[in-house]
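The following report describes a molecular structure for a reader at the start of university study. Please consult the sequence and the model while reading.

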Amino acid sequence: MNNAGPLASPHTRQSSSVSAIMLQVWLALLPASLFGVWLYGWPALNLLLITTAAALAAEALGQRLAGRPIMPSLKDGSALLTGWILAMTLPPWAPWWVAVIGALFAIIIGKQVFGGLGQNLFNPAMLARVALLIAFPLELTTWVAPQPLFSANAPGFIDSLHITFVGVAPLVGGVDAISGATVLDGIKTELARGAELGVVLPDYYRAGDAMLGQMGGSLGETSALLLLLGGLYLIWRGHITWQIPAALLGTVALLATGFHLYDPLRFAHAGVHLLSGGLMLAAFFIATDPVGSPASRRGQLIFAAGIGALVYIIRTWGGFPEGVAFAVLLMNAATPLIDHYVRPRVYGRDPHGKPLDYQRGRFARRLKKQQGGE
Amino acid sequence: MSESRTDYRRIARDGLWDNNVVFAQLLALCPLLAVTNTATNGLGLGLATLAVLLAANLAVSLLRDIITPQVRIAVFVLLIAAIVTLVDMMMNAWLHDLHKVLGLFIPLIVSNCAILGRAESFASRQPIPAAVADGLFMGLGFIIALVALGGAREILGQGTLFADAAMLLGESFRFMELTLIPDYRGFLLMALPPGGFLMMGFLLAGKRLLDRRAAQLATQEAGA
């Protein structure tokens, strides 16, 4: 018998190269993205394609400047995914230069400057999102109401090129393109005007629409349901852990419920917070980025709870209606600290770092039971 | 220090490039990042700092034999503070508009570590001409850094170069005020503090790239 090669089983058969994981994540994002394209029409598709292409070009440029091989890094799909996620967090009718500048910023300043894949401190897509929001506040807060593909008011393909490349919305179906506030925008404005939440909330928020995503918002963040499905798929395939989404969404839900019970007129209930803005996208696809999140499971719980708390604080008391990108970046910055204090247990050692004594404790009892059973 | 002939070429090269306050020593970053949202602001602070550096180096070099080592830092700080106060008052009198823009950063020149650094590491051990030359070239190097950073941020941030230069240098310098990109919508990020850090990083990378090229060329010539 030929005894060469690895012997001890079981072997994992899952392909876990970077590109395979990226492909899985991309597949999980696809339903929500396609829904976004359907909901906001051709301009949204332009945005997705331009952002992704610019991200790939920026990656190639960065690798070339750094003297690293270009093709392997393009093929691993990480730049494609970064561009794709960035596009999903942008207003769907954003002009082309917003997409290009954002993608360049994400890849070159967010990733390549730190040394490429796996070296970045901050989530590149969120970094670019915040940079764009600060640099171009008008373009980044101009939302359109849903105008599904092939519906009466939707812009045709030619009109969409006009929207993306010229920037002035043309007359669509005889009327100007309809702008619409997001749920969080609307609530913030109304509360600032002194309105009572219970009265104005139904104007902006309908639970069913919010669940499906039939509302104004960024390209790929509105459909909570499809994002949830994609996220659950990734958890099922083992590409992300449940800790981060659970702790993130749990913290937001807990805080929102607590404050809502305290004063229902000023604080929206948990459903509004969970189903609007970029929370679902961030919980499953952005905060779970293995590069910027802690290594240990306990650390991930702390990290995600921190993001959740910051999101709630910024949304409720901050200057911006939505705070997901800021929250992710702030907790990215805290990740080295979390990793310092909450370390994963070393294999073969107890949580305090001492070697496991195999003759005592749980391990020994299990061993004894096994031997007794034989 | 040996009393050999002072190498002024070395001093000039160090101050302007090799040992530049900003690009090599990475000193004085706080005022640098804070005021350089336009080239004019950078130039203004640079001129003020140059004046202080010159005067401080001169004073320290003059007094270097009287100051005992035990109290030298305190004396340097006092000297620099006195000079900065003079510059601050003079700017307030004669360049009032610019003084309002640069505001807090003129008095803060006192705490500019580059000035104390030159006093301690150079002027207190060198004769007067060398100390003055060092102050001049270190100050010029600082101006170069401030104007480069301010200019780059101004072009990207608002599409102009040396806007309001007339306010600093007088009406005859209005020709310096350029609008490089007409109808520019502005890239606000570059005018804000993060833009300072980003552009600083790019300029540092650029300098290292140039230095590396130069070193490569030098070795090639040596080999040939």
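Chain B has a radius of gyration of 19 Å, which agrees with the value near 17 Å for a compact globule of 224 residues. The radius of gyration is taken over C-alpha atoms, and the globule rule is 2.2 Å times the number of residues to the power 0.38. Along its principal axes, the C-alpha trace of chain B spans about 60 × 60 × 30 Å.

This is a predicted model, in which local features need pLDDT of at least 70, side-chain atom pairs count only at pLDDT 80 or more, and totals for chains, interfaces and linings use all residues. Residues are numbered from 1 along each chain as its sequence is written, while chains are lettered from A and ligands numbered from 1 in the order in which they are written.

**Confidence**

The quantity pLDDT is the predictor's confidence in each residue, from 0 to 100. Chain B averages a pLDDT of 86, and 97% of the residues score at least 70. Among the elements of chain B, helix α7 (residues 128–158) has the highest mean pLDDT, 92, and α8(B) the lowest, 75. For the complex, the predictor gives an ipTM of 0.77 and a pTM of 0.82.

**Architecture and packing of chain B**

Chain B contains 10 helices and two strands. Helices (H or I, at least four residues) and strands (E, at least two) are DSSP runs, numbered from the N terminus. Along the sequence of chain B, the pattern reads α-α-α-α-α-α-α-β-α-β-α-α.

Of the 224 residues in chain B, 37% are buried. A residue is buried if 20 or more other C-beta atoms lie within 10 Å of its own, exposed if 12 or fewer, and partly exposed in between, with C-beta atoms placed from the backbone. Two residues are in contact if their C-beta atoms, placed from the backbone, lie within 7 Å. Among contacts in chain B between residues at least 6 apart in sequence, 77% join residues at least 24 apart.

Which residues have the most contacts inside the largest nonpolar core? They are I307(A), V328(A), V52(B), A56(B) and F142(B), in a core of 151 residues. A nonpolar core is a set of buried Ala, Val, Leu, Ile, Met, Phe, Trp, Tyr and Cys residues joined through C-beta atoms within 7 Å. Leaving aside neighbours within four places in sequence, V52(B) is in contact with I80(B), I83(B), V84(B), V87(B), I109(B) and I115(B).

**Two loop residues with positive phi**

L26(B) has a positive phi of about 55°, although L26(B) is not a glycine. F162(B) likewise has a positive phi of about 55° without being a glycine. The table gives their places and surroundings.

| Residue | Loop in chain B | C-beta atoms within 10 Å | Class |
|---|---|---|---|
| L26(B) | between α1 (8–18) and α2 (29–35) | 14 other C-beta atoms | partly exposed |
| F162(B) | between β1 (160–161) and α8 (165–169) | 23 C-beta neighbours | buried |

**Where the chains meet**

The contact takes four residues from chain A and five residues from chain B. On the side of chain A that touches chain B, helix α6 (residues 124–135) of chain A supplies the largest share, three residues. That side of chain A divides into four nonpolar, no polar and no charged residues. Here Ala, Val, Leu, Ile, Met, Phe, Trp, Tyr, Cys and Pro count as nonpolar, Asp, Glu, Lys and Arg as charged, and the others, Gly among them, as polar.

**Helices and single residues of chain A**

The 14 residues of helix α5 (residues 96–109) of chain A should span 20 Å at 1.5 Å a residue, and the end C-alpha atoms are 19 Å apart, which agrees. The expected span is 1.5 Å times one less than the number of residues in the helix. Buried residues of α5(A) include V98(A), A99(A) and G102(A). Their cover includes α2 (42–65), α4 (78–88), α6 and α7 (137–140) of chain A, together with α10 (193–223) of chain B.

Helix α15 (residues 279–286) of chain A has eight of its eight residues buried, so it is largely enclosed by the rest of the structure.

Is G258(A), in helix α13 (residues 243–262) of chain A, buried or exposed? G258(A) is exposed, with 12 other C-beta atoms within 10 Å. P321(A), in the loop between α16 (297–317) and α17 (324–341) of chain A, is partly exposed, with 19 such atoms within 10 Å. Not counting residues up to four places away in sequence, P321(A) touches L184(A), D185(A), K188(A) and R315(A).
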